[in-house]
Amino acid sequence: MTIIDKTENAPVARGGDDSGQPLLQVRDLHVEFATRDGVVNAVNGVNYEVAAGETLAVLGESGSGKSVTAQAIMGILDMPPGRIPKGEILFRGRDMLTLSNEERRRIRGRKIAMIFQDALSALNPVLTVGYQLGEMFRVHQGLSKKAATAKAVELMDRVRIPAARQRVGDYPHQFSGGMRQRIMIAMALALEPDLIIADEPTTALDVTVQAQVMDLLAELQREYNMGLILITHDLGVVADVADKIAVMYAGRIVETAPVGELYRRPAHPYTRGLLDSIPRLDQKGQELYAIKGLPPNLTRIPAGCPFSPRCPKAQDVCRTDLPELHQVTEADGGVLEGRTSACHFWKETIHG
């Protein structure tokens, strides 16, 4: 399907393009921050890609580099102290890192949008939600205040906020946490972007509301054929919505896999630890598993595998040699599509 880009009067294909090229490609991305304690190596050679209509879940503990990677894609890193010394971020084949600030500003919101983690902090408390939703149309499409408000009501209806016409003049604090998150989703959808980055969109919501928000996001993604990057630390959230998963640790991707394969047979001890940490109904009364230790200080990442100090399978080679992402195969050598692992002993982990 083709839509008309109202700001430039040029036809733009929704979702992917005829070349079959991924919507987004992140290549060897590095991000660092200069601090008084030294250089924080927040992202260390991340590679992933997202196609139109595809959902990539990026998993990992706090501090693993998930959100910093997303901020680099959006172009909203504070620089300085942040710096991108190396890498490429290709959106529809164009390297975002080579574009001017004005060119990136035109892409943000219109082509790539972001749903932030804390809706109450992301929304302006002194402006009505209708005004904030309408601003997208006033700024990018030149609509009048009345027309923009009408669009805001349409969006609120679309994300199933009850009595949208009556509530368009309400302020953020007058909505529940789940309703505020729906407003954030509506803001991201306003200009029908090709790619949405959802950064912990269900944080601080109860389980029932989490499920409602994720179902809504998945439904809207299918309707608009958008690419979706879902950033989370919760494996339980992504089971039903993701197509593939990238697991991050200490600023690196340590495993990639189709979602079903990763749950059935993790190929990295860190992923195994995350899966074992999920509460299960068939283990009532048992102590919940936790990965021992803490993530490394990103100003002093240890030699070898960064996970080795916490890994139950670590051997001498793990403490000296940094493992690259290996192609994961079946025991008989058959290639497993989309499966990689940055572990010296991935064979023992997946086939053991």
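Let me begin with a term: a residue counts as buried when its relative accessible area is under 20%, as exposed when that area is over 50%, and as partly exposed in between. Arginine 265, with a relative accessible area of 24%, is therefore partly exposed. Please keep in mind throughout that what we have here is a predicted model.

Arginine 265 brings me to the salt bridges, of which the structure holds 19. The partner of arginine 265 that I want to show you is glutamate 261, and the closest N and O atoms of these two residues are 3.2 Å apart. Glutamate 261 has a relative accessibility of 18%, which falls under the 20% limit, so this residue counts as buried.

Let me turn to another pair, aspartate 316 and arginine 319, which form a salt bridge whose closest N and O atoms lie 3.6 Å apart. Here aspartate 316 is exposed, because its relative accessible area of 63% is over 50%, whereas arginine 319, at 44%, is partly exposed. Elsewhere, salt bridges with shared partners join Glu255, Glu261, Arg264, Arg265, Glu330 and Arg339 into one network, so the glutamate and arginine I began with both belong to that network.

Finally, which parts of the chain does the salt bridge between lysine 86 and aspartate 28 link? The side chains of these two residues meet at 3.3 Å, N to O, and the pair links distant parts of the chain, since lysine 86 sits in strand 6, residues 82-91, and aspartate 28 in strand 3, residues 24-35, with the two positions 58 residues apart in numbering. Lysine 86 is partly exposed at 45% relative accessibility, and aspartate 28 is likewise partly exposed, with a relative accessible area of 27%.

Definitions and conventions:
Residues are numbered from 1 along each chain as its sequence is written. This is a predicted model: local features need pLDDT of at least 70, side-chain atom pairs count only at pLDDT 80 or more; totals for chains, interfaces and linings use all residues. Side-chain values use heavy atoms; hydrogens and water are left out. A salt bridge is a side-chain nitrogen of Lys or Arg within 4 Å of a carboxyl oxygen of Asp or Glu. Helices (H or I, at least four residues) and strands (E, at least two) are DSSP runs, numbered from the N terminus. Buried means under 20% relative accessible area, exposed over 50%, partly exposed in between (1.4 Å probe, protein chains only).
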